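Here is a brief structural report for the bench. Please keep the sequence and the 3D view open while reading.

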Amino acid sequence: MSDISTQNRTRTRLRTARPKLHKVILLNDDYTPREFVVKVLESVFGLGEPQAESIMMTAHQKGAAVIAVYTKEIAETKADEAIELSQQFGFPLMLTTEPEE
Ligand code: TYC
């Protein structure tokens with residue numbers, strides 16, 4: 001027989017690596033100026049001013065707001081950058097990260 005044998009083929013399920021995404025969450029406080037929070041959101045997270053304002057106001061009114069989702073490492077790095085920037089200016093701004101459901 002000239003057919004190519006299929007006998008020894010194994011079926012391999014292709015899995016696409018899909019890393020779990022993590023939310024970066026902005027927390028409200030009583031001391032950080034609103035304008036500073038907006039600047040941090042623009043500079044660290046690349047948001048435009050309207051979106052930065054909207055997220056800042058959500059955190060201000062509700063206590064917390066999701067800024068964006070990233071892979072774990074990027075989420076943690078961005079949260080750290082924002083916290084460090086705020087500390088350099090003497091503000092207590094806090095951000096956390098958590099895995100998406
Ligand atoms: N609550 C702050 C104020 O009244 C402003 C603020 C908003 C701080 C959002 C943090 O995540 C925050 N100056």
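The report moves from the overall fold to the ligand site and then to three residues of one helix.

## Overall fold

This is a predicted model. The protein has three helices and three strands. Read from the N terminus, the order of elements is β-α-α-β-α-β.

The overall dimensions do not fit a compact globule. For 101 residues, such a globule would have a radius of gyration near 13 Å, but the protein has 22 Å. Along the principal axes, the C-alpha atoms fill a box of roughly 80 × 25 × 20 Å.

## Burial, surface and contacts

Of the 101 residues in the protein, 30% are buried. The protein exposes about 7600 Å². Carbon and sulfur atoms supply 50% of that area.

Long separations dominate the contact list. Among contacts with a separation of 6 or more, 72% join residues 24 or more positions apart.

## The ligand site

Which residues are found around the ligand? From the first part of the chain come Leu26, Leu27, Asn28, Asp29, Thr32, Arg34 and Val37. Met56, Ala59, His60 and Leu93 complete the list. By type, the shell holds six nonpolar, three polar and two charged residues.

Backbone atoms come within polar-contact distance at several points. A backbone N or O atom of leucine 27 lies 2.8 Å from an oxygen atom of the ligand. For aspartate 29, a backbone N or O atom is 2.7 Å from a ligand nitrogen atom. Threonine 32 also places a backbone N or O atom by a ligand nitrogen atom, at 2.9 Å. On its own, the ligand has 350 Å² of accessible area, and the protein covers 88% of this.

Three elements each give two or more residues to the shell: strand E1 (21-27), helix H1 (34-45) and helix H2 (49-62). Helix H2 gives the most, with three residues.

## Serine 86 and isoleucine 83

Serine 86 is found in helix H3, which spans residues 72-88. Is serine 86 buried or exposed? Its relative accessible area is 0%, so serine 86 counts as buried. Beyond its neighbours within four places in sequence, serine 86 is in contact with Phe36, Val40, Phe91 and Leu93. Leu93 also appears in the shell around the ligand.

Isoleucine 83 lies in helix H3 too. Its relative accessible area is 13%; the cut-off for buried is under 20%, so isoleucine 83 is buried. Not counting residues up to four places away in sequence, isoleucine 83 touches Leu93, Met94 and Leu95. Leu93 is thus named among the contacts of isoleucine 83 and of serine 86. Proline 99 is 16 residues from isoleucine 83 along the chain, and their C-alpha atoms are separated by 19 Å.

## Glutamate 81

Glutamate 81 is another residue of helix H3. How does its exposure class follow? Partly exposed residues fall between the buried limit, under 20%, and the exposed limit, over 50%. Glutamate 81 has a relative accessible area of 41%, so it is partly exposed.

Phenylalanine 45 lies 36 residues away from glutamate 81 along the chain. The C-alpha atoms of the two residues are separated by 9.8 Å.

How values were computed
Residues numbered from 1 in each chain as written. Predicted model: local features only at pLDDT ≥ 70, side-chain atom pairs only at ≥ 80, totals over all residues. Heavy atoms only, no water. Near = heavy atom within 4 Å. Polar contact = N/O pair within 3.5 Å; in protein donor to acceptor, adjacent residues only side chain to side chain. Areas by Shrake-Rupley, 256 points an atom, 1.4 Å probe, with all protein chains shown as cover. Helix = DSSP H or I, 4+ residues; strand = E, 2+ residues; numbered from the N terminus. Nonpolar A, V, L, I, M, F, W, Y, C, P; charged D, E, K, R; others polar. Rg over C-alpha atoms; globule rule 2.2 N^0.38 Å. Buried < 20%, exposed > 50% of the residue type's maximum accessible area, 1.4 Å probe, protein only. Contact = heavy atoms within 4.5 Å.
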